[in-house]
Amino acid sequence: MTYDLRCLCQRNKDGSHATQAERLTNLTMISKQLKSAGFKRMNASSLKPKHVIYLVEQWQAQNLSIGTIKNRMTHLRWWAEKVGKSSVIPKDNIQLGIEHRQYVTPENKAKHIADDALTQITDSYVRMSLILQQTFGLRREECIKFQPAYADKGDHLLLKGSWTKGGRQRIVPILTQHQRDILNQIHHFAGKGSLIPANKSYIQQRNTYDGQCQKVGLNKMHGLRHAYAQTRYETLTGWKSPKAGGLTSKELTPEQQIKDQWARQVISRELGHERIEVVAVYLGG
């Protein structure tokens with residue numbers, strides 16, 4: 001079955017390279033887990049409800065987070081869909097005893113990079129990626145693979161599907177002179193290329209990015225997206241988000257609640273999330 005699943009992944013390259021790699025890793029792990037449980041002589045088309053139920057029960061017994069289990073279910077559903085057996089998995093995770101994910105936490109994870117930290121980054125490509133990431137709220141993969149000659153459309157950035165999570169192209173607006181100045185710097189630096197040196201692959205540059213960030217104490221740089229989202233929220237609404245010290249959605253007036261929902265929808269699209277509730281991670285509830 002492991003071989004079958006590997007072939008299935010090779011034939012169906014849905015999503016970004018990172019998504020494909022994560023899918024292959026998870027499906028390989030799932031295959032081994034089923035085999036060790038005594039489900040033998042299985043192939044990719046052998047998936048049944050009993051296998052799904054067993055896997056979910058095992059993951060819950062391991063005290064895995066709801067987010068981790070849901071991610072694995074996404075890959076499991078992809079598998080079922082590709083072999084024409086979508087019906088073996090309930091459409092709603094709640095039917096499998098998987099609770100809804102808790103998106104809102106009290107901690108504000110927004111981060112900004114201090115100038116002195118940037119000067120300690122010795123790899124100029126990584127430094128440019130971090131500046132870009134902070135300015136436009138991009139994901140790590142997006143800010144490394146970024147090609148300014150392709151992405152810069154004047155009043156917005158167009159991100160290729162091969163750069164983004166889920167493989168969907170995305171538009172991010174260019175709204176300030178500061179953003180334009182940063183893009184001009186990146187154009188001058190990268191020319192018609194990307195923020196990956198010509199002698200490196202994406203994975204190699206990602207490792208360089210991670211190593212450089214760790215070396216100067218820049219951990220969990222996803223927080224740059226949190227800061228971007230909170231700044232955009234304040235710009236769109238005129239008041240701070242709950243995570244940044246503003247009122248919660250329930251404390252807003254009815255008129256403010258309408259504006260709040262509109263702003264969250266805008267930010268959700270800019271960040272590349274399909275579900276508006278995920279934005280609560282960045283903004284608060």
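**Crossing helices, paired rings and a pocket**

Modeller: Thr19, Glu22, Arg23, Asn26, Leu27, Met29, Ile30 and Leu34 in α2 meet Arg72, His75, Leu76, Trp78 and Trp79 in α4. Keep in mind that this is a predicted model.

Biologist: Why are α2 and α4 called roughly perpendicular to each other?

Modeller: Their axes cross at roughly 85° and come within 9 Å. Angles of 65 to 115 degrees count as roughly perpendicular, and therefore α2 and α4 get that name. The residues of their contact divide into seven nonpolar, three polar and three charged.

Biologist: How do you know that α1 is roughly perpendicular to α4?

Modeller: The axes of helix α1 (residues 2-11) and helix α4 (residues 66-82) also cross at roughly 85°, and they come within 11 Å. Set against the range of 65 to 115 degrees, this makes α1 roughly perpendicular to α4. Leu5, Leu8 and Cys9 of α1 make the contact with Trp78, Trp79 and Lys82 of α4.

Biologist: What makes the residues of the contact of α1 with α4 divide into five nonpolar, no polar and one charged?

Modeller: Leu, Cys and Trp count as nonpolar and Lys as charged. The division is therefore five nonpolar, no polar and one charged.

Biologist: On to the rings! Why is the aromatic pair of Phe39 and Tyr54 called edge-to-face?

Modeller: The structure holds four aromatic pairs. In this one, the rings lie 5.6 Å centre to centre, with 70° between the planes. Centres within 6.5 Å make a pair, and planes over 60 degrees apart count as edge-to-face, so the name fits. Phe39 sits in the loop between α2 (17-36) and α3 (49-61) and Tyr54 in helix α3, 15 residues apart.

Biologist: And why is the pair of Phe146 and Trp163 tilted?

Modeller: The ring centres of Phe146 and Trp163 are 5.9 Å apart and their planes stand at 55°. Stacked needs under 30 degrees and edge-to-face needs over 60, so this pair is tilted. Phe146 is in the loop between α7 (140-145) and α8 (148-151), and Trp163 in the loop between β1 (156-159) and β2 (170-173), so the pair ties together parts 17 residues apart in sequence.

Biologist: Finally, which element gives the largest share of the lining of the second largest pocket?

Modeller: That is α11, with six residues. The lining has 13 residues, and Gln134, Thr135, Gln179, Tyr228 and Thr231 lie nearest the pocket's centre. By class, the lining has four nonpolar, eight polar and one charged residues. The space in this pocket is about 290 Å³.

Technical notes
Residues numbered from 1 in each chain as written. Predicted model: local features only at pLDDT ≥ 70, side-chain atom pairs only at ≥ 80, totals over all residues. Heavy atoms only, no water. 1 Å grid on protein atoms, 1.4 Å probe; cavity = no way out; pocket = protein on both sides within 12 Å on 5 of 7 lines; lining within 4 Å. Points joined across faces, edges and corners; volume = space filled by probe spheres on them. Helix = DSSP H or I, 4+ residues; strand = E, 2+ residues; numbered from the N terminus. Axes fitted to C-alpha atoms, helices over the stretch in contact; angles between N-to-C directions. Parallel < 35°, antiparallel > 145°, perpendicular 65-115°, else oblique. Contact = heavy atoms within 4.5 Å. Phe/Tyr/Trp six-rings, centres within 6.5 Å; stacked < 30°, edge-to-face > 60°.
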